[in-house]
Each structure stands twice: as C-alpha cells, then as structure tokens.
Amino acid sequence: HQGRLVLFAGNRAHHSDVGGSVPGSFPISTEVFEEGIRIPPVRLRRDGEEIGAVMEILLANVRTPREVEGDLAAQLAANEAGVAAVGRLIERVGIEAVEIAVWDSMEHSERAFRASLGLAPGTYEAEDWMDGDGTSDDPVRVRVAVTIEGSDVFVDFSGTAPQARGPINSTLPTTGSMVVAAMLALTDPTIIPNHGFYRPLHIKAPAGSLVNPLAPAPAVGFPDVCNRVVEVIMEALTPALPERAIAATSGTTTNAFFGGTDPRSGEPYVWYSINHQGGWGGRRGADGWHDVCFIEANGWDIPVETIEYRYPWRVVEYRLRTDSAGAGEWRGGEGNCLALTPVGHDPVCSVNGDRAVTPPFGLFGGKPGATARCTIERADGTVERLAPTTMKFARVLLHAGEVIRIEATSGGGYGNPLRRDPAAVVRDIRDGLVSPESARRDYGVVVDPASGELDPEATAALRKALWPAFEAIAPGLAPIDRTGYDLDLAMVSA
C-alpha cells in the first residue's frame with residue numbers, strides 16, 4: 001500500500017496434470033523428477049504483464065495445457081481479488097488498524113489454544129503403519145511421542161521409518177501442517193488457525209525420515225502419510241482425551257487418475273478422481289460420517305452427471321458400502337463403492353492409496369473399519385484384484401466396456417457395539433448400511449424378517465446371551481483395536 005508491503009495474497013490449487021511419467025502425475029516414483037515439472041519461485045507476471053516464456057515452459061510440460069492455463073488464470077484472479085479486498089480495507093480503516101487486528105488475531109489464537117488443550121503433563125506415544133510404499137509391501141512405521149509441558153506441545157517423530165524409496169514421503173512443511181490439523185481437531189473448533197496457534201507447537205522430525213525426507217526423495221503420495229500423521233497423534237492422545245478422540249478415519253485419499261484420448265473431441269484428457277472417499281470414525285456421542293474427505297482436508301464429491309458430461313466414462317455403480325464400517329456404540333462411517341467403465345476408448349489408470357491391509361482402528365471396544373480394495377472386471381469375465389497389499393499401481397490399461405471398481409475404507413467404531421441403541425441399528429439396516437446378519441452378529445439386534453421391524457424380546461435375549469462373551473474378552477481388548485473380535489453366536493439357539 002503506497003509502496004509499503006503490508007500483506008500478501010496467495011492460494012494453492014490442484015491441477016489435473018503437472019507432467020511426469022503418468023497422466024495425473026501420481027506415478028509409483030522413486031525420484032521426485034518422475035513426478036512432474038518442478039517450479040522454483042519464479043515470476044509469472046511482472047508489473048501486471050505476463051512473462052510469456054515462463055507460461056510456455058509450464059504448458060509444454062503438461063498433458064492438458066488448455067485446462068492448466070485456465071486454472072492458472074483463476075489462481076491469478078483469486079490473488080488479485082485478495083489484494084483488492086485488502087486494499088479497500090486499508091483505505092477504510094487505515095494500515096495501523098489492520099496491523100493491530102492481524103497481531104491481535106494471532107495473540108487470541110495462541111491464548112485460546114493454550115487454554116483449551118487441558119492435558120496433564122507427560123508424554124503420550126503411539127505408532128501406526130503404512131501398508132507399503134508402492135515398491136515394496138513391507139509396512140512402514142509412523143511413530144510419535146507427544147510431550148505436554150505446561151501449555152506447550154512437543155511432537156517428536158523419532159522412531160518413524162527412514163524415508164521411503166516409493167512416493168509416500170511427507171516433506172517437513174506438510175508434516176508440520178498435519179500436526180496443526182490434529183491439534184485443531186482436538187481443541188476448540190472456533191480457534192482461527194494462524195501463526196499464533198502454531199507458537200505452542202514444537203516439532204522434531206529426523207532428517208531423512210518418512211516425515212522429513214531428503215532430496216530427491218519422491219513425495220507425490222504424501223497425502224496418505226498425512227492421514228497417518230494426524231491419526232497417530234490422535235491415537236497417542238486418546239487415553240488423555242477420550243471424550244474428544246475419534247476412532248480412525250478412512251486414513252487414505254485413494255487418489256485415482258485416468259488418462260487417454262477423448263473420442264468425442266480427439267483431444268487428450270486427464271481425470272483426477274477424488275470420489276473414492278471413506279468414512280470417518282465414531283466418537284463419543286456421534287456416529288462417523290459417511291463418504292467424506294479425510295480429516296485434514298476438504299475435497300468435494302463430484303456428481304455423477306458432471307463425471308459423465310466431462311469425461312468419456314459411464315458410472316456403473318455409486319453407493320455406500322454395506323457391513324464395512326466399524327461396529328460400535330457409535331458406529332464408524334461407511335466408505336463408498338464407485339464402479340466406472342470407459343466409453344469408446346482404452347485409457348490408462350493409476351491409483352495411489354493405502355489401507356489395503358491395515359484397517360482403520362476402533363476405540364474402547366469399537367471394531368476396526370474395513371480395508372480398501374480395487375478390482376477390474378475384464379472383457380473375458382475375469383475379475384482382477386489390483387494392488388491387494390498396497391492400493392498403489394500405475395499405468396494399468398483398461399479397455400472400453402471393462403469395469404474398474406474402487407471400494408474405499410470405512411471408519412472405526414467407538415465403544416461396545418452391544419450398547420448401541422437398537423433403533424439406530426434398525427435405521428442402519430433400512431438405509432442399507434448394515435445387513436440383518438451383521439446386526440445379529442455385531443450388535444445383538446434382531447429384526448423381524450417379514451416386516452423389518454425390531455424384535456425387542458429377541459434382541460434383549462440375544463444381547464443377554466452375548467454379554468458374557470464380550471465381558472470375557474473385554475479385559476484383553478486394548479483401548480485401540482486394529483484386529484477386531486467376534487462374539488460366539490453359536491451359544492444362542494436359532
């Protein structure tokens with residue numbers, strides 16, 4: 001303002017393609033150079049004028065230059081709108097008032113964070129695993145120790161696996177953002193996440209580790225490590241904050257990418273599909289949400305009509321899974337099932353996900369959620385399971401008419417399923433989320449097969465019979481359950 005730098009505007013956006021070895025730029029890479037064009041801080045405009053050579057270099061390295069150019073124009077316009085809005089504010093109230101408000105906002109966020117945490121001093125530890133890195137099926141550990149000293153929080157990732165050969169590494173700024181995301185979820189939701197919120201947080205991430213890799217480590221699959229960072233912090237703090245903790249969410253983005261030549265236009269296309277969303281975990285007093293983006297992000301579901309209008313694909317099936325969410329007094333949320341078939345062309349597809357083997361954990365007697373899976377129904381009628389141990393593959397060819405089906409993970413349950421309100425179980429049956437068989441097996445709830453109504457007498461008898469079985473295993477159940485358990489229905493007469 002008047003030659004003085006007061007504030008700046010910035011934004012971040014996804015682009016359908018930034019080059020690299022596969023459409024959508026999510027390869028099973030072993031070096032960052034395979035993941036697309038790398039852009040250091042360079043000017044795209046100077047004094048309001050575009051620097052043509054920079055734009056030409058960018059567009060020459062992507063598969064969908066017209067789309068990328070339009071998205072870049074939108075980002076530039078967003079920044080200009082932000083600059084103009086701040087300028088109007090300064091004109092109205094003055095620079096001094098704006099600067100005071102900025103600093104006051106940060107001070108308020110810091111005070112609110114320190115006041116709302118309310119954790120007893122001590123160190124809280126936990127660990128979880130990635131299924132693999134795309135080049136190996138070996139599990140990859142994410143470990144954290146959270147130490148509370150007064151109202152300061154020290155988050156130490158020592159013991160986390162070394163940086164991976166495959167593309168699942170999380171750079172230090174991203175890891176720090178995930179620590180913030182976890183603490184935002186566990187504290188006052190009205191706190192504004194600015195630098196004041198960050199001041200009480202202190203992060204140690206060993207260089208050369210999964211959460212602080214050294215160049216040229218690949219990192220395009222970082223979102224799934226982000227999920228694990230958030231959840232391992234929540235897992236560590238669960239014993240101290242049981243009323244705020246949430247059972248594990250889907251824990252993966254299951255990013256899917258499809259690329260080919262659109263037979264309608266003859267032009268190449270790249271489709272970055274974010275519709276493969278999972279469920280959130282149950283928490284005290286509430287069931288997990290269905291089919292939503294992972295906990296630290298805000299991706300949107302894309303309507304079927306939009307998919308079929310924009311891309312040469314047909315949606316065969318799009319629904320919530322059944323009997324997939326972790327059973328509990330408060331059940332986990334269901335992930336979705338999306339089945340697609342290419343129309344008039346043979347595209348390639350890539351998936352970068354996780355939780356094919358390691359399920360989302362349950363809490364306090366709640367059961368884990370279901371893992372992810374991806375299959376292709378080939379033209380000859382065979383069904384091919386892809387990446388059964390990692391949910392990561394690249395450049396798989398599909399033929400027109402073949403069907404790829406991706407089933408997202410579901411959230412873990414919270415609390416003893418035998419305590420769940422039978423009326424809530426009946427609603428879940430009617431909604432197609434729980435089968436009558438699962439209702440009996442997991443919740444001890446019986447419905448009349450003819451009417452679908454609750455049978456209260458049979459439910460009371462079944463729960464009475466199952467209760468000793470649960471009490472017998474309860475002492476051996478950890479607060480955090482990754483393996484699940486079964487109650488013996490054989491003791492109950494048909």
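Helix α8 covers residues 422-430, and its buried residues are Ala424, Val425, Val426, Asp428 and Ile429. This is a predicted model, so everything here is read off computed coordinates. What sits over that buried set includes α9, residues 436-443. A bit of general helix geometry helps with reading such a pattern: an α-helix has 3.6 residues a turn, so residues three or four places apart point the same way. The two ends of α8 have their own details. At its start, a side-chain oxygen of aspartate 421 comes to within 3.0 Å of the backbone nitrogen of alanine 423. Just past the other end, glycine 432 adopts a positive phi of about 80 degrees.

Two serines are worth a look next. Serine 116 belongs to helix α3, which runs over residues 95-117. Is serine 116 buried or exposed? Its relative accessibility comes out at 18%, and since the cut-off for buried is under 20%, serine 116 counts as buried. Setting aside neighbours within four places in sequence, serine 116 touches Thr187, Asp188, Ile191 and Arg244.

Serine 250, by contrast, is found in a loop, the one that links α6 (222-237) and β7 (255-261). With a relative accessible area of 1%, serine 250 is buried. Which residues does serine 250 contact, leaving aside its neighbours within four places in sequence? The list has two glycines, Gly278 and Gly279, plus Arg355, Pro360 and Thr409.

Zooming out, the protein chain is built from 10 helices and 17 strands. Its radius of gyration is 25 Å, close to the 23 Å expected from the globule rule for 494 residues, so the chain is as compact as a globular protein of that length. Along the principal axes, the C-alpha trace spans about 80 × 65 × 45 Å. Buried residues account for 50% of the 494 residues in the chain. As for how the sequence folds back on itself, take the contacts with a separation of 6 or more: 72% of them join residues 24 or more positions apart.

On the outside, the protein chain exposes about 22,300 Å², with carbon and sulfur atoms supplying 55% of that area. Then there is the charge layout. The chain carries 44 positive and 65 negative charges, and how far apart are their mean positions? The answer is 2 Å.

How values were computed: Residues are numbered from 1 along each chain as its sequence is written. This is a predicted model: local features need pLDDT of at least 70, side-chain atom pairs count only at pLDDT 80 or more; totals for chains, interfaces and linings use all residues. Side-chain values use heavy atoms; hydrogens and water are left out. Helices (H or I, at least four residues) and strands (E, at least two) are DSSP runs, numbered from the N terminus. The radius of gyration is taken over C-alpha atoms; the globule rule is 2.2 Å times the number of residues to the power 0.38. Buried means under 20% relative accessible area, exposed over 50%, partly exposed in between (1.4 Å probe, protein chains only). Contact means heavy atoms within 4.5 Å. Accessible areas come from the Shrake-Rupley method with a 1.4 Å probe; for residues, only the protein chains shown count as cover. Lys and Arg count as positive and Asp and Glu as negative; His and the chain ends are not counted. The place of a charge is taken as NZ of Lys, CZ of Arg, CG of Asp or CD of Glu. A polar contact is a pair of N or O atoms within 3.5 Å; within protein, one must be able to donate a hydrogen and the other to accept it, and residues adjacent in sequence count only if both atoms are side-chain atoms.
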